[in-house]
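User: Please go through this structure with me, one question at a time. I will ask about surface charge, backbone geometry and the record annotations.

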Amino acid sequence: MTQTLSAPPAEATRRPGPRRRRELTYAVYLIPSGALFVAVILVPLVMNIGISLTTWDGIGSPRWTGVANYTKLLSDGDFWASFGHNVALVIAMAIIPAAIGLVLAAALFDVIGRRFGPRTASVLRACIYVPQVLPFAVAGIVWAWILAPEDGALNETLRAIGLGSLREDWLGNPKLALYTVMGVMVWVQIGFPLIVFMAGLQRVDPSLYEAAEIDGASWWRRFWYITIPQIRPELYVVLLICTVAAIKSFDKVYILTGGGPGNATRVPAFYSWQNFFEKTQVGYGAAIATVLTLITVVLTVVFLRRQARAEEANA
């Protein structure tokens, strides 16, 4: 019995040539960014990891020591103290600005925008965002003048209003320096969450607020049960970006306090720089930088997963 073979369907014989060519065309545009990623990020990262496994003073040939720098790091009290200061900066640069920015964004969007118009809300938003666009080299010098112990604006204002007993060396007192830096960081960072949250509020259905207002819900209840759940993806974005910025903070500490007084405001990024350039312990400084990179990558993965789940919940 002869079996007749049926011809394959047209879809099976269709060649994927045009689609493949389109994909290759799109891939060409990735070459510049891919080359830049390899040259600026991947190669220096691999070199840094390699150096972290050596003992090197920056001159001559590095000497291989394996994981000795990382073993030393685990028992280095100075590193763990600096890491504790970094946690304080995460609070000042991520958690507090996110909380304040969320409340301000909801107030500008739901109260100021309604009563005084979107133009007023936009002007206030721009004013709050100004510190974010200032180079910190400029902002840090201005704050150093404001917080100067002798003739700084803050101490002079306290003296003028009869509170001279509260005058302090805000950046020179080991007990106050870290809290002072945290205060400046809140001022710097608060504009970024505000902008992101107000952008997120633009996609929230206004009927949700109108229905809640008709039902007699107060502003705080609308904020808690509508605003926060609706912009949860933006909240994760803000926390991720601000946390990474806090972890790699160097310029702010360098300009305001130089890690001092003593080691009161030293953070791991500054500690890594000290080992690189002041102590010429390049391998140890590279180990600190590698640990910070690993922490940053882990936090990024965690936040991105939480953000994806939040977006799925809002879909």
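User: Where along the chain does Asp151 sit?

Analyst: This is a predicted model, in which local features need pLDDT of at least 70, side-chain atom pairs count only at pLDDT 80 or more, and totals for chains, interfaces and linings use all residues. Residues are numbered from 1 along each chain as its sequence is written, and side-chain values use heavy atoms, with hydrogens and water left out. Helices here are DSSP runs (H or I, at least four residues; strands are E, at least two), numbered from the N terminus. Asp151 falls in the loop between helix H7 (136–146) and helix H8 (153–160).

User: Is Asp151 buried or exposed?

Analyst: Buried means under 20% relative accessible area, exposed over 50%, and partly exposed in between (1.4 Å probe, protein chains only). Asp151 has a relative accessible area of 61%, so the class is exposed.

User: Which residues form the negative surface patch?

Analyst: A patch takes residues with over 30% relative accessible area and no salt bridge; like charges are joined within 9 Å, and nonpolar side chains (Val, Leu, Ile, Met, Phe, Trp, Tyr) within 5 Å. A salt bridge is a side-chain nitrogen of Lys or Arg within 4 Å of a carboxyl oxygen of Asp or Glu. Asp and Glu count as negative, Lys and Arg as positive, and His and the chain ends are not counted. The negative patch consists of Glu150, Asp151, Glu168 and Asp169.

User: Which helix gives the most to the positive patch?

Analyst: The positive surface patch gathers Arg232, Arg305, Arg306 and Arg309. Arg306 lies in H16 and, at 41% relative accessibility, is therefore partly exposed. With three residues, the leading contributor is helix H16 (residues 282–314).

User: How far apart are the C-alpha atoms of Val301 and Leu240?

Analyst: Val301 is also a residue of helix H16. Val301 and Leu240 are 61 residues apart along the chain, and their C-alpha atoms are separated by 9.6 Å.

User: Which peptide bond is cis, with omega near -5°?

Analyst: Most peptide bonds are trans, and most residues other than glycine have a negative phi. Pro261 lies in the loop between helix H14 (251–256) and helix H15 (268–278). The cis bond runs from Gly260 to Pro261.

User: What is the phi of Thr280?

Analyst: Thr280 is in the loop between H15 and H16. Its phi is positive, in a residue other than glycine, with a value near 50°.

User: How much of residues 176–199 is helix?

Analyst: The unreviewed UniProt entry annotates several spans as "transmembrane region", including 176–199; such annotations may be inferred rather than shown by experiment. The end C-alpha atoms of residues 176–199 lie 36 Å apart, strand is 0%, and helix is 92%.

Technical notes
Accessible areas come from the Shrake-Rupley method with a 1.4 Å probe; for residues, only the protein chains shown count as cover. The place of a charge is taken as NZ of Lys, CZ of Arg, CG of Asp or CD of Glu.
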